Amino acid sequence: MPGRPAGPDGGTPPSIGVERGREDDRGHPAAPLRGLPRAEVRGRRVPVAVSRRARLLGLALLDRRAAGAGLLIPGCRSVHTFGMRFSLDLVFLDFNLRPVSLRRGVPPGRVAFERGAQAVLELPAGFAEGER
């Protein structure tokens, strides 16, 4: 499991503007994403996986519609897609949330790693159009 985020309070890195929010773009969040703080990342408002459970599960076990605009996992260099019901686009980000690399259409049952990453943006496949 990746190391914890490097923020001053041990939480989210300071470069990520996080605010509390409970709704997705449709106003109806999937239960695992409900209550997570949200951040603006590359023009998207996405939940931020700050709890151990949210970091471990990511978008696993959700259907594609419930995944919404994706999930930001700070302090992370690798993710797995075990338990996924759809493929993911993975945007690996540096500490300032700039893309380091992009993996498109990662199918369920895989592990993806990027040494230079400080966060990962998990998106349903096809959502990363126009990234890097």
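## Starting at Phe95

Phe95 is partly exposed, with 32% relative accessible area. Here, buried means under 20% relative accessible area, exposed means over 50%, and partly exposed is anything in between (1.4 Å probe, protein chains only). You'll find Phe95 in the loop between S6 and S7. Its C-alpha sits 8.6 Å from the C-alpha of Gly75, and the two residues are 20 apart in sequence.

A word on the ground rules: this is a predicted model, where local features need pLDDT of at least 70, side-chain atom pairs count only at pLDDT 80 or more, and totals for chains, interfaces and linings use all residues. Residues are numbered from 1 along each chain as its sequence is written, and side-chain values use heavy atoms, with hydrogens and water left out.

## The chain as a whole

What is the chain built from, in helices and strands? There are 9 strands and 1 helix, and along the sequence they follow the pattern β-β-β-α-β-β-β-β-β-β. Helices (H or I, at least four residues) and strands (E, at least two) are DSSP runs, numbered from the N terminus.

The chain has 132 residues, and 48% of them are buried. Take the contacts with a separation of 6 or more: 59% of these are between residues 24 or more positions apart. A contact means heavy atoms within 4.5 Å.

## The four-stranded sheet

Four strands make an open sheet in the order S4-S9-S6-S7, with antiparallel pairing. S4 and S7 are at the edges with a single partner strand each, so one side of each has no neighbour in the sheet. From one strand to the next, the twist averages 15°. Angles like this run from 0 to 180 degrees between N-to-C directions, and the axes are lines fitted to C-alpha atoms (for helices, over the stretch in contact).

Two strands count as paired if DSSP finds at least two bridges between them. Strands of a sheet pair through backbone hydrogen bonds, either parallel or antiparallel. S6 (residues 88-93) pairs with S7 (residues 99-106) over 5 bridges, in the antiparallel sense. S6 also pairs with S9 (residues 119-124), again antiparallel, over 6 bridges. Phe92 has a partner in each of these pairings: Ser101 stands opposite in S7, and Val120 is the bridge partner in S9.

## Hairpins and positive phi

The hairpin of S6 and S7 has 5 residues between the strands, and Leu97 there takes a positive phi near 65°. Leu97 is also buried, at 11% relative accessibility.

Another hairpin joins S2 (residues 37-41) and S3 (residues 44-47), which run antiparallel with 4 bridges. Glu40 stands opposite Arg45 in S3. With 2 residues between these strands, Arg42 has a positive phi near 50°. Leu61 is not a glycine either, yet its phi is positive at about 75°; look for it in the loop between H1 and S4 (71-74).

## Charged side chains

How many salt bridges are there? The count is 2, where a salt bridge is a side-chain nitrogen of Lys or Arg within 4 Å of a carboxyl oxygen of Asp or Glu. Side chains of opposite charge can pair when their charged atoms come close.

One salt bridge links Arg98 and Asp94, at 3.0 Å from N to O. Arg98 is partly exposed at 49% relative accessible area, while Asp94 is buried at 18%. The other pair is Arg103 and Glu114, whose closest N and O atoms are 2.9 Å apart. Arg103 lies in S7 and Glu114 in the loop between S8 (111-113) and S9, so this pair ties together parts that are 11 residues apart in sequence. Here Arg103 is partly exposed at 26% and Glu114 is buried at 19%.

## Arg55, a buried charge

Arg55 is in helix H1 (residues 52-57). Arg55 is buried but has no salt bridge, and Glu122, the nearest side chain of opposite charge, is 10 Å away. For charge, Lys and Arg count as positive and Asp and Glu as negative, with His and the chain ends not counted.

What lies 2.4 Å from a polar atom of the Arg55 side chain? The backbone oxygen of Pro74 does.

Methods:
Polar contact = N/O pair within 3.5 Å; in protein donor to acceptor, adjacent residues only side chain to side chain.
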